[in-house]
Amino acid sequence: MTKVLSYIMGATVAFSAQSADIMVNQSGYLPAGDKFAYVLAEQANDVQLISVADGRVVAELERSDEVILPDERKVTSVDFSQVNRSGWYQLVTGSGQSVPFQIGADAYLPLNERLVHALYLQRSGMAVQDISTGMNRPESHMLDGQIFRTDAFHKAGTQLDVVGGWYDAGDFGKYVATTTITVARLLEAYRQSPQLYAQTKLPGSERPAIIDESIYALDWLLKMQREDGAVYRKVSGASWPAKIGPWQDNQPRFIYGVSTPETAKFAATMAFAARVIKPYDADLSRQYLSAAIHAANYLSSQEEQYIDWQEGDDSGSGPYMKSQFDKELSLETDVDDRLWAYAELYITTGQAKFKRAFKERYDPQWIEIFEWKNPAAMGVWHLILAEEKGEFRDQLANDLDQVASRYIEQVNQSPFRVANQRFIWGSNKMTAEAGILIAWADFAQGHLENRASVQSQIDYLLGANAFDMSFVTHSGTYSVRNLHHLYRIATGVSLPGYLVGGPNEMAQAGVAPKNMGMLSYVDSEKSYAVNEFAIDYNASLIGLIAVHHAYFNHY
């Protein structure tokens, strides 16, 4: 037990070690923002907010909203949003205290830089020498790749140049499905809150790092487009790599078949990129739009979902399609992907045919959190921004609000105010995306009433959870240490700014506890199903921080 000593009529308090029974956002809170923390009900009733600088009691806090965790522990919340003075603080009870945390306008800036920089560390096709992490690896996978299966344009074994792009996760696969989603989420974060990224640049570049990362990935995506506009799905070896560095993975690397879902995501991403990148490089912008239109022309020749897939395509890489674990209705069709593509193409080109194509296929059932399984929501959001007032815009805004209302209801009923209640593979990404969708619905309706719910998703990911742990490496006093990542495991180099997948009730690796909801997690490098990073996970948290920032800066 931590002993709490009071001095001078209770005006100041001295304290020592942290108690895991008081959970806070370990990266901190904004001065004008919402501030919630959580205390196990077994703790003493009094909760004080203490200034670390001088031990002064800043606030006496009341506890409320007792909620039961899956292991039957009871959690109560405390609200100290009224405290807006910048500084370092701790929460203290009669038997414990939280980690120190800051209240400050720049509380999330170091985190944001790490999240974006992690994508640089995932680059394939170049040497990476990074002072901040100690990563010092040679160029890798410079022979990507060979056509895996004969198609209408290339025989099996044909060598194409698909060098570059990001490694998707802790292994060395490169996927169009997640690269498009990640690039679009980065570009949307920049569009939403450009001031967050203006000062962070790679050495020798005049562009924000978030733009440079997007362009690096977009260059690879262009290489994945076939002559007829269709887009190949992924690049990987035929076997899962061992625990080695990427330069040591010498197996042949294959290019796997085209699909309409990937082609539609490609078209959407390229059309959106054409708008955002234009101020930085007009020639690239034109190239992106041309590729998007080429992809759209292919889609017009393939009205039904088509995926060139056969047994054996996934022997060394993930399927990123309907499978035994991914069974969502949206994976049975490409309508959601086309909706996103037609929305972005209409906004970028102004051509009415793309708006008609969107309206012909639109159904509110396709609005869900933005992810590779269903990206339609970003198209809906961008149309809401682009449309003048009218029936069409109002319909889209109201449909978005209906989905957001469901997530807000889950916030109000959940321990730690978590919007996402599907604890499956990538649940942390889903939590971040649920927060973004809530913010989009707020902005679409012209109000800011759900800002606290958006904040709570950030809080959960950064330490206000049942593990009193930040799910982002090197971000918080107690953060993920045992990241499942082949380079880290092989070299011992610690990688900062990596968001892990988080609680997963199915716990496919057989390490984390199963069927325990938000408690189905363990910080183990062996537990790939909960402790692996992926590029789209980081992108979702980047996007969440961006929309939260927008609440305070003229959304």
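In this predicted model, strand 4, which covers residues 36-40, runs antiparallel to strand 8, which covers residues 74-79, and the two are joined by five bridges. Strand 8 is also joined to strand 7, again in the antiparallel sense, here by four bridges. Elsewhere, an open sheet is formed by four strands that pair in antiparallel fashion.

**Strand 8 and its partners**

- Where strand 4 meets strand 8, Phe-36 has Asp-79 of strand 8 as its bridge partner.
- Strand 7, made up of residues 63-68, lies antiparallel to strand 8 and is connected to strand 8 by four bridges, and in this region Ile-68 stands opposite Lys-74 of strand 8.
- Strand 7 and strand 8 form a hairpin with five residues between the strands, and in this hairpin Glu-72 adopts a positive phi near 75°.

**The open sheet of four strands**

- If you follow the sheet from one side to the other, its four strands come in the order 6-5-9-10, and their pairing is antiparallel.
- The edges of this sheet are strand 6, at residues 57-61, and strand 10, at residues 101-103, each of which pairs on one side only.
- On average, and with direction ignored, neighbouring strands of this sheet are turned by 30° against each other.

**Strand 9 beside strand 10**

- Strand 9, which spans residues 87-92, pairs with strand 10 in the antiparallel sense over three bridges.
- Within this part of the sheet, Tyr-89 stands opposite Phe-101, a residue of strand 10.

Terms used. Residues numbered from 1 in each chain as written. Predicted model: local features only at pLDDT ≥ 70, side-chain atom pairs only at ≥ 80, totals over all residues. Heavy atoms only, no water. Pairing = 2+ DSSP bridges. Axes fitted to C-alpha atoms, helices over the stretch in contact; angles between N-to-C directions.
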